[in-house]
Structure formats: structure tokens, C-alpha cells
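This report goes through one protein chain, from its overall build to individual residues. Please keep the sequence and the model in view while reading.

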Amino acid sequence: MCGIFAYLNYLVPRQRREILAMLINGLKRLEYRGYDSAGVGFFRGNELGDINPPDKEEAKVELVRQKGKVSSLEERIRILEETVNFEVSFDVHVGIAHTRWATHGEPNAVNSHPQRSDCTNEFLVVHNGIITNYKDIKQFLTNKGHEFESETDTEVIAKLTKHFYDNHKDEGITFGQLVEMVIQQLEGAFACVLISSHYPGECVGTRRGSPLIIGIKCTHHFTTDQIPVNFFNTKDHRTPPAGKPLIPRAESTTEFHPMGTDKKVEYFFASDASAIIEYTNKVIFLEDDDVASVKDGGLCIHRSTRNSSLPNSREIHQLQLELQQIMKGNFNTFMQKEIYEQPESVVNTMRGRVNFDAQTVVLGGLKEYMPEIRRCRRLIFIACGTSYHSTVATRQLMEELTELPVMVELASDFLDRQTPVFRDDVCFFVSQSGETADTLLALRFCKRRGALIVGVTNTVGSSISRESHCGVHINAGPEIGVASTKAYTSQFIALVMFGLMMCEDSISKIQRRTEIIMGLKKLPSHIREVLKLDDKIRSLAQELYQQKSLLVMGRGYNYATCLEGALKVKELTYMHSEGILAGELKHGPLAMVDKSMPIVMFVMNDELKQKTMNALSQVTTRGGRPIIICNEGDEELLNSGLRVIEIPQAVDALQGILTVIPMQLLSFHIAVLKGFDVDCPRNLAKSVTVE
């Protein structure tokens, strides 16, 4: 949800036109996260390229905000050319940009980010997350004479920063110290980047609960691959003035600078690596309560408290992401591209982990912890949305292979119930982004209770991957479309591989393991066969796209496909859709069935086929004419007079990977026929970083 992008160039000459183009391009890379408005903030300077004039008050900050798409913001900026010199070049400059997904206040220009401290834009802030105590802070600031113009929680950050600055500006307070004072007053989740006319050429970023990364680009080698964290001295016994917080004093001033005499450097602050990768692959992942400030080209990371669970430095990582991976290629949408990437993405998930000749499976991230996992009393899988469905899809197999109690939980409900968790539990947290707020909070809940934490994510360096004891990276590649497709199938396979590792020493399960491993080997070719049905599925979409509802029925291993397929229909087409367990038809859902109700049913050649056929009979008896998805060569269903989509026969436990793809394609085509934005459905965000 929401997207942050900031760019600071130090001794790297850039025209204002270039700077604004980079800010807009950064926002376009973040559009997939979901948003309803956008904005940028940048320095006007003295129009001669010098934003460090003798009188800092000359360094004015321009603010441009717009409801709607980034393209609308881009058009607003073009209009500025009439009054702002776009050709002026800056040796030092900083600009910030943001895409907002509304949580407090309706989508409009005033509620958009950057939010400002006052009408002269002394301080600007872009913010992801939710400040839970914003009403208390707002009341405090209102009593101090500050006037609010927006309905957002974010505005209190900008105004609180100005309030502290006005009270401490005569004490030589630095921008980083100022932000440190502010975040000590904030409760909730946030990732923030701030700029100020009082600190031209400087930028400060901080986070708690929401992701924020810093990209670094320079022509020379770095002085270090580890940036030490400076800790403010919290043992200062000075008595602060009444009503004024004590200014924190740093114990050291260790900074990052490029090596040599050439100090040219560029910094990129972003909530997602996709906005940075075309400029640099060198990044730093900030931890909770880190405050990162850039001044005179030097990067300093500091915090007020030590955390024994965190290292005393932040490593500069090298991203493996490639720019072409986040481009559409020959496809019209990211979602279509990602559906068609699944033959390759499932191979990438298994690569180096499954040895088909030796019939072995090794997940390197779990290998050292397997003895402890095998001794556990139960397995708990916690996730949200599509990730939750991947755990439902593999629950039955997990119970079969591990012979352990397996719980599958929605993260929000798990937290609401304050579910009992014990030291001998193993808790899996599944999230594509690795930043899902409810899942992350559930992780911390379980970690405090001593459980072993296993993360299953698609994002290296994400909060879940860093806070887990061990984990699995699913290697599906970047997924830009809001509606998850290839991440689901890769999560499915990653969990299957874990189940196979758990039973590798069981003689009684050798035959079953071999069957599943051979089934995994055939999966890529089976997926390609299913994708060849695209034209047939498009013709079905022509019949369905004007309908108001769609029921999806199945049982056993295909129940999760019903849930996931119905979710895709809801996400993309805005139709009512419901995934129904076929065994529950007589307990209510059968009342909805008539000749006009569109229905999709999964009837596979597995142990539950006869029971599913009974459910089909109940539906057709009530006038229902379901679309059947079945295995190839099923003569009974081919001769039933119903519309049938045939897919290859796979191992029962893996059949859900093949059955979900027709639902992905069907949802996609219905959305296209309705004229909807497939990659960015309304009201939804790719990375859900608020509760």
C-alpha cells in the first residue's frame, strides 16, 4: 500500500527536468502497489542551481499533488513549466514523491502526500502506514496554535517536526536529531522520508513496521560494505526545559562516503526495490526505529535505543533483481505476463532444491533447523489472502507426510483470538511481499512466546525474512500485478517441498514421496498444456462477463482452488464470487443454485471423485448448468452434455497447481472484457502494510 520514492544527488549535476522525471518514473514503478492519488515535493532554490544560499530561507520547496493516476500528476507538473525553470541544473538537490492509498480522508489533492508543516512548506513528509495516536498529537498541536488542512494522520508528522524545530532551532539541532525526537512521539506503523527548507540538500528517512530501503549509486567503490549504527546517548542527565524534550546527542558520527577524492553520490529512498533497480542494485534495508540521514553527501544511520537482536551495522546488499523482470515484455499487462511465466517460476522454485535423480529435496534455509522442526508438537501456518489459500491447499498433504497436527490460520483472526502458542510449536508465516502487516504482527506475537519462526516469502530482505529464525525464499521472481498468480503456485510448491523433507526418513512414505517428486518434475510441461486452453477460456469469459455472480465448487485438494479462484474473480472483475466446499452444498449453498446461476465445478480423478459427482448431480437436478474442469479423457463428464475444460492428470496433491490456472485466466479475461484495470484493481494494494 502506498509508495515512497525520494532522490538526492550530491555533486552529480541534474537538471530539474531530469529530477522530476526520475521522481515520476519512481512512482510509476510503484503503481502496482495500489493508490488513488500522488504528489511530489522538490526545491526551487534561487533558480541558479544553488540550493545552499547564505540565507537558507531562500531555499523554497515546491509541492505538487493530484488525485488520480501518476499520469495526471505528470500533466500537472508539465503545466508548471510556465512558472518554474525546468532547465536549471543542481549539483545538490533532493526531491520526494509518493503514491497514496487512502486510509484517513478521501482521495483528493489536499489529503495527498507529501504532507506539509505549514503554508510555506518548511517541512514535507511522505509516509506509509498508520499513526494510531495521531488524534492525541493533533489535539496537542491544535492547542499550540497549529492549523490542520487535511484529514490525514500524516499531517501530524510534518507539523510536529516544525513544532520541535521552532522550539530547538537555536540549539543547533540537526535534521536527524529532529526526526528522532518526532518518532519517539509516534505510535503505530510508519515509513517516512522528510525534507525541509531549513535543511536544503538533506534528507531523512525512518521506519517502524513499514518497509524502507536506501539505494546508493557512486562511481567509485564504497568505503565499507557495513554502515555502523550510531546510538544517541540516552544517559545525558541534563534537565530539559519545561515542556521541551531533551535533544538526543550522538555518541559517534560515523558516516558512509564514497572512497577517494571524488565524492559524487546519489541516494534513492523507496518503499520497494522495483523503484530503485534501474539506477542501482546496492541497497540498505533499514530496521525498525532506524533514522537514516544524508548531509553533505554522507549517509549516517542512528537510533536512540540498542536492540540486542539487531546487528550494530547495516549491510549494503546487492539486489539480484533485473530491470527486464519488472517490465511487461510482449504482454499487455503484468498479470498476463505472470500467468504465462508459471512454467518457469515453478522451475525456479525447485531449482537446486529437488534432485529428481536421487529423489531428494533440500531446502537450504531450513536444513539446520530440521531436527528441531521434527520434534515440534504442531505446525501452524499463518497468512492472509492468496498466501493463506496456499497453506489451505497443502494442509492435507502436510498432515499426511508429517503426521503432526496442522493449523492453518488467517493472520488477522489469529491475532484477534490471541491464540495460545507454545515453545515447541513451529510457526510458518507465508507472504509474497514479506511485509504484510497482519502476518508480521502475528510473527512477532509468536516469537515473543518462544516458537520457532519460519518465513516463506518472495522478497529478499523483507521484514518477515529478516525477523524469522529460518525460512524459504520461493524464487518466483518479481510479481507486479496486484492479484497474485505465480507467487501462489510457487508458495504451493515450496510448502510441498517442506513436507517432503519432513518425511525423508520414513520408510512407509517412500512410495508416496517418489510419486510426488516425479509429479513435480512433470509440472512445468503440464502447466504449458493448461496455458494452451487460453482461447477456450476466453470464449467462456465472453459468456460470463455480464453475470453478477459466480459460484466455484470442489472438495478435497481442490477446495483451496475454489477459494483462490473465487478471490481472483472478486479482485479483478468486482463480481460476487464464492468458493464452496462441495460437501457443504446441502447445508445452505444449494439454495442459491438455479438455471441462471453461473457455476464452475472441479471434478478430478481422485479419491473423492464419486462424492464430487454426487454434488454435481445435486446441482444439475436443481437446474444448474456448471462449467466442469476435469482431467483429460474423462468420458463420463465429456458425455454429460455440460461444458468441460480438460486439464492434464497430475498427482492428487499437486492437482491444485493446474486447476487454479484456468481460474486465473478466466478472471483475467472477464476483467479485460469489462474494461477494468487488471494490474491495479480498485481499492486494492499489492503490499498490505497496514492492519
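## Charges and the predicted model

For the charge count used here, Lys and Arg are taken as positive and Asp and Glu as negative, while His and the chain ends are left out. On that basis the chain carries 77 positive and 86 negative charges, and the mean positions of the two sets lie 2 Å apart. The model is a predicted one, and the values in this report should be read with that in mind.

## Overall dimensions and surface

The C-alpha trace extends over about 85 × 55 × 50 Å along its principal axes. Because a compact globule of 691 residues would be expected to have a radius of gyration near 26 Å, the 27 Å found for the chain agrees with that expectation. In secondary structure the chain holds 19 helices and 28 strands.

Of the 691 residues, 60% count as buried, and the accessible surface of the chain comes to about 27100 Å², with carbon and sulfur atoms contributing 48% of it. Among the contacts with a separation of 6 or more, 75% are made by residues 24 or more positions apart.

## The nonpolar core and a covered helix

The largest nonpolar core comprises 91 residues, and those with the most contacts inside it are Leu379, Phe381, Phe498, Val600, Leu654 and Leu666. Helix H13, which covers residues 486-502, supplies the largest share of this core, with 12 residues. Which residues surround Leu666, once its neighbours within four places in sequence are set aside? Leu666 is in contact with Ile537, Leu540, Ala541, Leu544 and Leu550, and also with Val600, itself listed among the core residues with the most contacts.

Helix H5, residues 175-183, is mostly covered, with nine of its nine residues buried. The buried positions of H5 include the charged Glu180 as well as Phe175, Leu178, Val179, Met181, Val182 and Ile183; Gly176 and Gln177 are buried too.

## Backbone features

A cis peptide bond, with omega of about 5 degrees, joins His113 and Pro114. Pro114 belongs to the loop between strand E4 (89-100) and strand E5 (115-116).

Two residues that are not glycines have a positive phi: Leu11, at about 60 degrees, and Glu403, at about 55 degrees. Their settings can be described separately, since Leu11 is part of strand E1, residues 3-15, whereas Glu403 lies in the loop between helix H9 (385-402) and strand E20 (406-410). Leu11 has a relative accessible area of 36% and is therefore partly exposed, while Glu403, at 60% relative accessibility, counts as exposed.

## Residues in helices H3, H10 and H14

Lys138 is located in helix H3, residues 134-143, and counts as partly exposed because its relative accessibility is 25%. Not counting residues up to four places away in sequence, Lys138 touches Phe148, Ser150 and Val156. The C-alpha atoms of Lys138 and Val408, which stand 270 residues apart along the chain, are separated by 40 Å.

Is Leu415, in helix H10, buried or exposed? The cut-off for buried is under 20% relative accessible area, so Leu415, at 14% relative accessibility, counts as buried. Helix H10 itself covers residues 411-417. When neighbours within four places in sequence are left aside, Leu415 is in contact with Asp438, Leu441, Ala442 and Phe445. Leu415 and Phe445 are 30 residues apart in sequence, and the C-alpha to C-alpha distance between them is 7.9 Å.

Met518 lies in helix H14 and, with 29% relative accessibility, counts as partly exposed. Beyond residues up to four places away in sequence, Met518 touches Phe356 and Gln359. Met518 and Trp101, separated by 417 residues in sequence, are 45 Å apart in space from C-alpha to C-alpha.

## The loop between H13 and H14

Ser508 is found in the loop that runs between H13 and helix H14 (510-531). With a relative accessible area of 64%, Ser508 is exposed. Ser508 and Val472 are 36 residues apart in sequence, with their C-alpha atoms 27 Å apart in space.

Notes
Residues are numbered from 1 along each chain as its sequence is written. This is a predicted model: local features need pLDDT of at least 70, side-chain atom pairs count only at pLDDT 80 or more; totals for chains, interfaces and linings use all residues. Side-chain values use heavy atoms; hydrogens and water are left out. Buried means under 20% relative accessible area, exposed over 50%, partly exposed in between (1.4 Å probe, protein chains only). Helices (H or I, at least four residues) and strands (E, at least two) are DSSP runs, numbered from the N terminus. The radius of gyration is taken over C-alpha atoms; the globule rule is 2.2 Å times the number of residues to the power 0.38. Contact means heavy atoms within 4.5 Å. Accessible areas come from the Shrake-Rupley method with a 1.4 Å probe; for residues, only the protein chains shown count as cover. The place of a charge is taken as NZ of Lys, CZ of Arg, CG of Asp or CD of Glu. A nonpolar core is a set of buried Ala, Val, Leu, Ile, Met, Phe, Trp, Tyr and Cys residues joined through side-chain atoms within 4.5 Å.
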